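Trainee: Could we go through this one together? I'd like to know how each label is earned.
Mentor: Sure, pull it up and ask away.

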Amino acid sequence: EEAPIYMATVSAPTNIACIKYWGKADKHWNTPTNDSVSVTLDQSDLRAVTTAAASSKFTQDRLWLNGIEDEGAPTNKRFRACVDGVLKLAKNPQKWKGCKIHVSSYNTFPTAAGLASSAAGYAALVAAMSALVDAQEEFPGQLSTLARQGSGSACRSLYGGFVAWRKGGEKEDWSDSLAQQVQDEHHWPELRALILVVSDAKKDTSSTAGMSTSVATSTLLQHRIDKVVPDRMIEIEKAFSEKDFEAFGKVTMRDSNQFHAVCMDTYPPIFYMNDISRMVVRIVHAYNAWAGEIRAAYTFDAGPNAVLYTLDQYVVEVGALMKHYFPETGAVSDYINNAEYIEQVQK
Ligand code: PMV
């Protein structure tokens, strides 16, 4: 009789940080030097769709990314941490003993362009494995500690809404470095995110390499960790909980700016934003000044693409503004041509 193939398919959305994670405290456990918090783009097409399959007739673990096999994956530390970590939590571990795992994952958006494709990817890997083997968490957030070992920011994509990653460090095995939902996806339905794809080219400095150089050389980073982030976490969680866009937008923009200032303070410096990114910053500030209130807030990760947070009532205005400055043949044409890149983050 032929051995069965067990399968589970899930999709996980990306998340965009408002208070940025930048700097590793423990390289082995992949834990951060500071807390961070992000919005999960629940309703967006910026997702990873992942199938995990297990069978005793498979001869080895294998991974395909966007249809192309990644031969190094089965021995890759990040992949192993996620797959083996979930297998340990299987409801019926015996069932999977003689099985090998096949994983196939698709991104619905440009990979490695600072749109947090790794966040969605590793969250989907952990979620697919978890669905496959019916994983049982021993404490809330345990699965996020596995996703975090794939890619730090991935831990935040396991929950919807507004999600914090508590840096942890009280426990020796860093099991307290995990994601925690601050507010769920129903809390602030008027909040929207617009993604401006400035470039879909691969970023030139990986976040892991960049963080390591920043930790080693940037004195601003140390100041940020000690003196800036703790207060900002309190401030932004309050703003989000009270749906105070003025406060939420301001701290989001300031934290993006400080993250990129840390990159500049790194030696040699790292440049993720480009001329178009800086133009977006200036347009947003001019727009908010004209409105007499904060109606849009930008944030940039490890790449030139902009994410604009705004409210439902201003999304057409902000979209039109961007279209005016970046017409279809212009620098952010992908955004203009792809209506699905204008995303409602929550419904
Ligand atoms: O999860 P990583 O290793 O790809 O790092 C993500 C870093 C930022 O996107 C710049 C910030 C964040 O908190 O997501």
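Trainee: What makes E6 and E9 a pair, and in which sense do they run?
Mentor: Strand E6 (residues 47-55) and E9 pair in the antiparallel sense over 8 bridges. Two strands pair if DSSP finds at least two bridges between them, so E6 and E9 qualify with their 8. Thr 51 stands opposite Ser 104 in E9. The strands themselves are DSSP runs of E with at least two residues, helices are runs of H or I with at least four, and both are numbered from the N terminus.

Trainee: How reliable is the model behind this?
Mentor: It's a predicted model, where local features need pLDDT of at least 70 and side-chain atom pairs count only at pLDDT 80 or more, while totals for chains, interfaces and linings use all residues. Residues are numbered from 1 along each chain as its sequence is written.

Trainee: Which other strand pairs with E9, and in what sense?
Mentor: Strand E7 (residues 62-65) pairs with E9 in the parallel sense over 4 bridges. There, Leu 63 is opposite Val 103 in E9.

Trainee: Why is the pairing of the sheet called mixed, and what makes a strand an edge strand?
Mentor: The open sheet has 5 strands in the order E1-E6-E9-E7-E8, with mixed pairing. E6 and E9 are antiparallel, whereas E7 and E9 are parallel. Strand E1 (6-13) and E8 are the edges, as each pairs on one side only. E1 pairs with E6 in the antiparallel sense over 8 bridges, with Thr 9 opposite Thr 51 in E6.

Trainee: Which side chains of E9 are buried?
Mentor: They alternate along E9 (residues 100-107): Ile 101, Val 103, Ser 105 and Asn 107 point to one face and are buried, while Lys 100, His 102, Ser 104 and Tyr 106 point to the other and are not.

Trainee: Why is Asn 30 called buried, and Asn 66 exposed?
Mentor: A residue is buried if 20 or more other C-beta atoms, placed from the backbone, lie within 10 Å of its own, exposed if 12 or fewer, and partly exposed in between. Asn 30 has 23 within 10 Å, so it's buried. Asn 66 has 12, so it's exposed. Phi is positive in each: near 55° for Asn 30 and about 50° for Asn 66.

Trainee: How do you know that H1 and H2 are roughly parallel?
Mentor: Helix H1 (residues 77-88) and helix H2 (residues 117-133) pack at an angle of about 30°, with their axes 9 Å apart. Axes are lines fitted to C-alpha atoms, for helices over the stretch in contact, and angles run from 0 to 180 degrees between N-to-C directions. Angles under 35 degrees count as roughly parallel, over 145 as roughly antiparallel, 65 to 115 as roughly perpendicular and the rest as oblique. So H1 and H2 are roughly parallel.

Trainee: And why are H1 and H3 called roughly antiparallel?
Mentor: H1 and helix H3 (residues 142-150) pack at about 160°, with their axes 7 Å apart. That angle lands in the antiparallel class, so the label for H1 and H3 follows.

Trainee: What is unusual to look for between Tyr 267 and Pro 268?
Mentor: A cis peptide bond joins Tyr 267 and Pro 268, with omega at about -5°. Pro 268 sits in the loop between helix H6 (245-265) and helix H7 (275-291).
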